[in-house]
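This briefing is meant for someone meeting the structure for the first time. Please look over the sequence and the model before reading on.

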Amino acid sequence: MIEMQDVWKEYGNGVAALSGISVQIKQGDFVFVVGPSGAGKSTFIKLMYREERPTKGHIFVGGFNIEKLRERQIPIMRRHIGAVFQDYKLLPKLTVAENIAFALEVIEASRRMINRRVAEVLELVGLSDKGKMFPRELSGGEQQRIGVARALVNKPSVIIADEPTGNLDPENSWAILKLFERVNDQGTTIVMATHNRELVNACKKRVIAIENGQIVRDQERGEYGYED
Ligand code: ADP
């Protein structure tokens with residue numbers, strides 16, 4: 001489902017963010033990516049949906065050869081990969097329902113079909129009554145649930161999330177984690193970079209630890225393992 005083969009990433013300023021990463025993530029896996037700040041976690045996530053390109057190596061996600069994609073194929077690839085961000089990245093001038101519909105890049109989708117799918121994902125995240133509101137009218141926890149709804153609207157085979165609970169209190173962090181567990185139970189692969197030790201230690205999922213741009217640990221039913 002996701003495979004990296006000897007992936008290197010050096011940014012323009014000469015910073016080596018990833019140095020020889022090789023990893024396989026199977027369909028339906030739930031993976032936490034942990035490690036100190038600056039270790040390369042975000043870069044690892046960004047490479048998976050082509051927000052950054054590798055300097056060297058091969059990346060395959062859901063049947064797409066990521067580094068070989070042409071520009072016009074990128075939106076097609078991104079429909080198969082839902083992304084959730086620490087700062088939600090909702091569009092402030094659009095309503096909640098419009099934010100979700102905007103991500104539904106279905107060619108020839110009818111208004112009725114779009115409305116139905118938006119209603120479905122709003123119900124899934126427990127916010128059916130908030131569709132007409134604007135992001136600023138929601139709490140942080142609610143905004144992130146909308147972020148998850150938006151990521152799910154295209155029925156992606158993979159969700160990648162970079163610190164999705166980074167701005168949330170423990171209760172809201174758990175709510176997001178529970179949503180991820182629910183979609184994972186239905187077969188969606190989850191890759192989540194996080195500093196949230198409590199969640200990682202409670203969940204006993206696969207843990208990939210990155211330090212200095214390298215995978216230093218890859219455990220089934222792993223632990224957070226840092227004292228930060
Ligand atoms: P993490 O998510 O684990 O904190 P990052 O992947 O964000 O780590 O960063 C890894 C390294 O790459 C750090 O040294 C960081 O400063 C550097 N880096 C990240 N993004 C860029 C960028 N756009 N340009 C230059 N250097 C970057």
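Which residues of helix 1 are buried? They are K41, T43, F44, I45, L47 and M48, and they should be read with the caution that this is a predicted model. The points below begin with that helix, move to the ligand and to T43, and then turn to other parts of the chain.

**Helix 1**

- Helix 1 covers residues 41-48, and because six of its eight residues are buried, the helix is largely enclosed by the rest of the structure.
- After helix 1 comes R50, a residue whose phi is positive, near 65 degrees.
- Helix 1 also has a part in the surroundings of the ligand, since it supplies three residues, the largest share of the shell.

**The ligand and its surroundings**

- The residues found around the ligand are Y11, N13, V15, A17, P36, S37, G38, A39, G40, K41, S42 and T43.
- Sorted by class, this shell is made up of five nonpolar residues, six polar residues and one charged residue.
- Two of the polar approaches to the ligand involve the protein backbone: a backbone N or O atom of G38 lies 2.7 Å from an oxygen atom of the ligand, and a polar backbone atom of A39 is 3.1 Å from an oxygen atom of the ligand.
- A side chain takes part as well, for a polar side-chain atom of T43 lies 2.5 Å from an oxygen atom of the ligand.
- The ligand taken alone exposes 560 Å², and the protein buries 64% of that area.

**T43 in its setting**

- T43, which belongs to helix 1, has a relative accessibility of 7% and therefore counts as buried, the limit being under 20%.
- Apart from neighbours within four places in sequence, the residues in contact with T43 are K9, Y11, A17 and L18.
- With one of these residues, Y11, the contact has a polar part, as the side chains of T43 and Y11 make a polar contact at 2.9 Å.
- Both T43 and Y11 are also listed among the residues around the ligand.
- T43 and G213 are 170 residues apart along the chain, yet their C-alpha atoms are separated by 9.0 Å.

**S19 in strand 2**

- S19 is part of strand 2, which spans residues 16-25, and its relative accessibility of 14% places S19 among the buried residues.
- When neighbours within four places in sequence are set aside, S19 is in contact with V7, W8, N212, G213 and Q214.

**Aromatic pairs**

- How many aromatic pairs does a search of the whole structure find? The search finds three, and two of them are described here.
- F30 and F32 form a tilted pair, with 5.3 Å from centre to centre and 55 degrees between the planes.
- Both partners of that pair are buried, F30 with a relative accessible area of 5% and F32 with a relative accessible area of 0%.
- In another pair, the ring centres of Y49 and F85 are 6.3 Å apart and the planes stand at 55 degrees, so this pair is tilted.
- The pair of Y49 and F85 links distant parts of the chain, 36 residues apart, since Y49 sits in the loop between helix 1 and strand 4 (56-61), whereas F85 is in strand 6 (residues 81-85).
- Y49 and F85 are both buried.

**Loop residues**

- A109 is found in the loop between helix 3 (96-103) and helix 4 (111-124), where its relative accessible area of 22% makes A109 partly exposed.
- From C-alpha to C-alpha, A109 and P36 are 43 Å apart in space, and in sequence they are 73 residues apart.
- K89 lies in the loop between strand 6 and helix 3 and has a phi near 55 degrees, which is a positive value in a residue other than glycine.
- The relative accessible area of K89 is 45%, so K89 is partly exposed.
- K204, in the loop between helix 7 (197-203) and strand 9 (206-211), likewise has a positive phi, near 55 degrees, in a residue other than glycine.
- With a relative accessible area of 32%, K204 is partly exposed.

Notes. Residues numbered from 1 in each chain as written. Predicted model: local features only at pLDDT ≥ 70, side-chain atom pairs only at ≥ 80, totals over all residues. Heavy atoms only, no water. Buried < 20%, exposed > 50% of the residue type's maximum accessible area, 1.4 Å probe, protein only. Helix = DSSP H or I, 4+ residues; strand = E, 2+ residues; numbered from the N terminus. Contact = heavy atoms within 4.5 Å. Near = heavy atom within 4 Å. Polar contact = N/O pair within 3.5 Å; in protein donor to acceptor, adjacent residues only side chain to side chain. Areas by Shrake-Rupley, 256 points an atom, 1.4 Å probe, with all protein chains shown as cover. Nonpolar A, V, L, I, M, F, W, Y, C, P; charged D, E, K, R; others polar. Phe/Tyr/Trp six-rings, centres within 6.5 Å; stacked < 30°, edge-to-face > 60°.
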